Structure formats: C-alpha cells, structure tokens
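Visitor: I have a structure open at my bench and would like to know what lies behind the labels people put on it. Could you walk me through it?

Guide: Gladly; let us bring it up and take the labels in turn.

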Amino acid sequence: MRVDIDDLTVEIAGARLVEEVSLQVGSGQLVGLVGPNGSGKSTLLRCVYRALKPSAGVVRIGGDDLHALTVREGARRLAALPQEAATEFDFTVAEVVAMGRLPHQRSAARTTDEDRQVCERALARVGASHLADRGILTLSGGEKQRVLIARALAQRPQVLVLDEPTNHLDIAQQLEVLSLVRDSGLTALTSLHDLNLAAVHCDLLYVIQHGRIVGSGAPHDVLTAELLADVFGVRAHRVPHPESGAVQLLFDRLTAARPSSKESR
C-alpha cells in the first residue's frame, strides 16, 4: 500500500518544526528518513502515525486521507514503533503481541483462537516464540524490538512506521531488526541515525534539515560528500560495500586538515 505525504507542515508554539514536506513511499518499499538531531524526523513521523495532527498538508495511505479515517480503520492499515514505545507494566510478551489484535476485535470481545494463532505466527516469524511467557521488562533491547515488531505484524497492517528502531541496540541487533523490517514485505517508512545502515537497507532516502527535505533518491545518489558536508557538517569518503556494492561512508571532521605527505610516511 502506497503512502503519500503532501505539503505537510507542523507549527507548535509559533515555531515551524516541519515545513511543506512532500514524500512518497511506494508499495513494498523501505524508505529511510535521515537528518541531524532536531531536523524534524520524529515530528514528521508522529504525523504519519497520527500521534500529532499537522498544521497543514495531508498524509494519504492507499489514496485516503489518514486523518479522516476512524482510529480502528487507521490501525488496520498502519502500525507504528515510536521511540517512546516503552511500557511501565510488566506484561508478558504474549500479552504485548496480543495488543496488536485490538483493531480487529469487537468492543470488549475476548481473544479468539484466530487471534492466538496470528500472534503465535508473528512471534515465530521474528524468532521470539521462546519469549512468550517472559515479562517485557526483563528483555534486552534487541529482544524487545523483535517483540514490538511481532506486535505490529499481529496487527496485520499494510504500512509500518518506525522511529529510530535501532537506537540503543548493538550492531548485530541493528542488522537483525532492519532485516526483519525488510523481510516483512510491508511498506515501511523509518528514521535512522546510522547513514551506513540506511544506505544498505533502504530503497530510497529522504534527507531532512531544519524541517525541510533537502535531498531524495537512491542512497548512492543522495549520500554525496557535498550534501553530507552541508547537512551533517562532516567530510565523507564513499566506499563500496565489499559484498552488496552499496555505498558506505567513512567520516572525518569537516575542519580536520588532511595529513601532509611527509606526515603520512
């Protein structure tokens, strides 16, 4: 299912946090949103999963205005993993994943056999069946992200929105989480800090700075030395990944002087 964001603006307390942003996520694509801290990534994504109402513009999912849909219908189309997805209560993993079935249940209805089967399949799909009886507060960061992805899969959406899903994870867990998102087959929009992860896993990238999109396209075309200097204030060296050929980046401080030939001997 396609996602279209058209001229979206967010203004809070007189400050424009996002200004006239337009982007598209094609059906089945994994699209990354990258930019410096405070650039507007999370604010934009909060509008996409309806935690925030934009001041202007529209988010369309499957051609329909997302904010015009009922909460239940919106939840059937889109699932989200926000940064603040923590819980204060030690629900079991099975209970957390079962929450993904709420948009499909009648009011006050009990969990059905079909619901339980959907949840079991979702946990198996992310390799977390063995965690079903564990308390969510006892899990590691990587385990928790897998469980939250399972909850999203149990929701059976067509679109997945993730805000910095690899934060606080070690590198193996980062690769695992992004592979799970890629393998889900869902249309996915995610913000990422790590540009190298974004380059390898994303079909398209949108670069946001001061609330505006300043670059977009395939990672190889977007992640240029000039753009990275302008947006992130770093000097970047592009190298190909030895297996995939995807662009990978090595960084220096922008103000760092190159070593002289004598110094490098």
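Visitor: Which residues make the nonpolar surface patch of about 380 Å²?

Guide: Keep in mind that this is a predicted model. The patch is made by Phe89, Phe91, Met99 and Leu102.

Visitor: Why is Phe89 called exposed?

Guide: Phe89 has a relative accessibility of 55%, and exposed means over 50%, so the label fits. As for its place, Phe89 is in the loop between β6 (78-81) and α3 (93-98).

Visitor: How do you know that helix α1 is mostly covered?

Guide: We count its buried residues, where buried means under 20% relative accessible area. Of the 8 residues in α1 (residues 41-48), 6 are buried. Those are Lys41, Thr43, Leu44, Leu45, Cys47 and Val48. After α1 comes Arg50, with a positive phi near 70°.

Visitor: Why are α4 and α5 called oblique to each other?

Guide: The axes of α4 (residues 113-125) and α5 (residues 141-154) cross at roughly 140°. Roughly antiparallel would need an angle over 145 degrees, and roughly perpendicular covers 65 to 115. The angle of roughly 140° fits neither, so the pair counts as oblique. The two axes come within 8 Å, and α4 passes α5 in a right-handed crossing.

Visitor: What makes Ile149 a buried residue?

Guide: Ile149, found in helix α5, has a relative accessible area of 2%. The cut-off for buried is under 20%, so Ile149 is buried. The C-alpha atom of Ile149 is 8.4 Å from that of Ala122, and these two residues are 27 apart along the chain.

Visitor: Now the charges. How many salt bridges does a search of the whole structure find?

Guide: The search finds 14.

Visitor: What makes Glu11 and Arg16 a salt bridge?

Guide: The closest N and O atoms of Glu11 and Arg16 are 3.4 Å apart. A salt bridge needs them within 4 Å, so this pair qualifies. Glu11 has a relative accessible area of 38% and is partly exposed. Arg16 is partly exposed too, at 43%.

Visitor: How do you know that Arg212 forms a salt bridge with Glu19?

Guide: Here the closest N and O atoms are 3.2 Å apart, and the limit is within 4 Å, so Arg212 and Glu19 pass the test. The pair links distant parts of the chain, 193 residues apart: Arg212 is in strand β10 (residues 212-217) and Glu19 in strand β2 (residues 15-25). Both are partly exposed, Arg212 with a relative accessible area of 37% and Glu19 with 22%. There is also a network of salt bridges that links Glu11, Arg16, Glu19, Glu20 and Arg212.

Visitor: What about Glu176 and Arg146: which helices do they lie in?

Guide: First the pairing: Glu176 forms a salt bridge with Arg146, with the closest N and O atoms 3.6 Å apart. Glu176 lies in helix α6 (residues 171-183) and Arg146 in helix α5, so the pair ties together parts that are 30 residues apart in sequence.

Visitor: And why is Arg146 counted as buried?

Guide: Arg146 has 12% relative accessibility, and buried means under 20%, so the label holds. Its partner Glu176, at 31%, is partly exposed.

Technical notes. Residues are numbered from 1 along each chain as its sequence is written. This is a predicted model: local features need pLDDT of at least 70, side-chain atom pairs count only at pLDDT 80 or more; totals for chains, interfaces and linings use all residues. Side-chain values use heavy atoms; hydrogens and water are left out. Patches are made of residues with over 30% relative accessible area and no salt bridge: like charges are joined within 9 Å, nonpolar side chains (Val, Leu, Ile, Met, Phe, Trp, Tyr) within 5 Å. Accessible areas come from the Shrake-Rupley method with a 1.4 Å probe; for residues, only the protein chains shown count as cover. A salt bridge is a side-chain nitrogen of Lys or Arg within 4 Å of a carboxyl oxygen of Asp or Glu. Helices (H or I, at least four residues) and strands (E, at least two) are DSSP runs, numbered from the N terminus. Buried means under 20% relative accessible area, exposed over 50%, partly exposed in between (1.4 Å probe, protein chains only). Axes are lines fitted to C-alpha atoms, for helices over the stretch in contact, and angles run from 0 to 180 degrees between N-to-C directions. A crossing is left-handed if the near helix is turned anticlockwise from the far one by less than a right angle, and right-handed if clockwise.
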